[in-house]
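Got a minute to look over a model together? Here it comes, with some questions and answers to follow.

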Amino acid sequence: MGLVVAANPLGQMIFSPIFGWWGNKLGNIRLPLLISLALFTFASGMYSSLELQPPNVKYWMLASRFLIGVSSANIALCRSYLSAATRLSERTHAVSMVSLAQVLGFIIGPGLQALVTPLGSNGHVWLWGTMHFNMYTAAGWINVLLSMWNFCLFLPRYFQEHKIAAREIMVKQGSTSERATWKGIKPNYFSAWSLIIAFFVLVFNFVLLETLGTSLTMDMFAWTNDQALSYMGLMMAAAAIISLVTFLLIKPLCGLFAERYVLIWGGFSLMVLGRLLYIPWGPDPPKLAAAYNASANLSMDDPIYLGCPPTQDWCSQLPALTLTQFIVGFALTSVGYPIGVTLIQTIFSKVLGPRPQGVWMGMMTGAGCLSRVLGPLFVGSIYTRLGTYWTFGVTSSMMLIFMIWLLYTNKLLIPPTFDKPEAAVEMKVLPQLDADTASPKHEESDVLLAAASKTVRLIPSSKA
């Protein structure tokens, strides 16, 4: 089960930089996106067909999960294109909207699963017994349909690529080509790597809470499995609504304060407080559960079996987490995480400048995937063995140390600025002039307007 869960982020982690490099090499994202969506369609159909019981079915499940992770690496291409297709003034809002779309996916996904649950385990069998549509496979088949629709949206009829960022800087600098523009700008690699590590720390803490939430509430509050799933579902829904509002407030906040300060004080500081609140300060240890005895003919939900399991030695030695702590900490995370994850990506894209960002965005996506791989391992090795003090003490320290690091180096998070021409100009793609005849050539070029002297004439927008 651990391998099946880890296969998805592992595939995404490995292939995110590869997809990013591929997009950079081609100079466009359409082909890699179409191939990744076709792979996602195939892998989703493969997952939904496991009820046909192929030989070694668990390995087929492992393969399908890995391929879905590989196909999901296309998010690196999407983030790279977003950086190339927006002006600096639009970047923060655009990144927040993409992050909002991901949150909507997290909300709608479980909702779709709940919607198909009434189908039951039998459901319907179609196509002469080759297609099983029930509560376990329906979500996979819905993925197939959505992926096919998404594939169509990226066809040339509907999706045209426009690279705005490089041309914006090209006009500001008076360069003659996009390539010369980004080659002449050296990114701050120290800042870039700091932001990648910050992204890992932020996502790791969020994934840890997501992974640990159900078992933590069962241990601390003696909830049944059904109660834990139900209450956590309600809290996740409330957190999603809070996150939606937060995403919409990011742009106004960045209009009042510098983005790096909103990241540090609005993102990381709230995440630090959220982790610190999870260090228990209850007056008594949590209720201890009795060891399960099958001969007693009692349900697993019987009160004597609810609480912190006796296999965790720390249960009788540490105080319990209070419900108030848990709710407030969860709320702070619901605000801090969307601010942090959005502004890290925004500042990251600006620090890199107008250059193709596929590989870099792939590395950032890979860092997030690595946190999803390590999160469950951390729960198994730290929480179950050492308890809440160690778990949330270590994570709080991680967040606090990196917040102090960002404060110390915050000036390195300021994106480079570019000299603007005296008059406002309109970015236009015009044909290149022949050096001898001063007549337009037939092939198109990425220059604004070049003459034989290789200088650039900037046309004021009022005269264009």
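Below are a few questions on helix packing and aromatic pairs in this predicted model.

Q: How do helix 2 and helix 3 run relative to each other, roughly parallel or roughly antiparallel?
A: The axes of helix 2 (residues 30-48) and helix 3 (residues 57-71) come within 8 Å and cross at roughly 155 degrees. Angles over 145 degrees count that way, so helix 2 and helix 3 are roughly antiparallel.

Q: What kinds of residues make up the contact of helix 2 with helix 3?
A: Helix 2 brings residues including Leu39, Phe40 and Tyr47, while helix 3 offers Trp60, Leu67 and Ile68 among them. Sorting the contact residues gives twelve nonpolar, four polar and no charged.

Q: Is the pair of Tyr189 and Trp360 stacked or edge-to-face?
A: This pair links helix 9 and helix 13, 171 residues apart. The ring centres sit 5.6 Å apart with the planes at 20 degrees. Planes under 30 degrees apart get one label, so Tyr189 and Trp360 are stacked.

Q: Does Trp360 count as buried or exposed?
A: Its partner Tyr189 has 42% relative accessibility and is partly exposed. Trp360 has 13%, and the cut-off is under 20%, so Trp360 counts as buried.

Q: Which arrangement do the rings of Tyr278 and Phe392 have, stacked or edge-to-face?
A: Tyr278 is in the loop between helix 11 and helix 12, and Phe392 is in helix 14. Their ring centres are 5.2 Å apart and the planes stand at 80 degrees. With over 60 degrees as the cut-off, the pair is therefore edge-to-face.

Conventions
Residues are numbered from 1 along each chain as its sequence is written. This is a predicted model: local features need pLDDT of at least 70, side-chain atom pairs count only at pLDDT 80 or more; totals for chains, interfaces and linings use all residues. Side-chain values use heavy atoms; hydrogens and water are left out. Axes are lines fitted to C-alpha atoms, for helices over the stretch in contact, and angles run from 0 to 180 degrees between N-to-C directions. Helices (H or I, at least four residues) and strands (E, at least two) are DSSP runs, numbered from the N terminus. Angles under 35 degrees count as roughly parallel, over 145 as roughly antiparallel, 65 to 115 as roughly perpendicular and the rest as oblique. Contact means heavy atoms within 4.5 Å. Ala, Val, Leu, Ile, Met, Phe, Trp, Tyr, Cys and Pro count as nonpolar, Asp, Glu, Lys and Arg as charged, and the others, Gly among them, as polar. Rings of Phe, Tyr and Trp (its six-membered ring) pair if their centres lie within 6.5 Å; planes under 30 degrees apart count as stacked, over 60 as edge-to-face and the rest as tilted. Buried means under 20% relative accessible area, exposed over 50%, partly exposed in between (1.4 Å probe, protein chains only).
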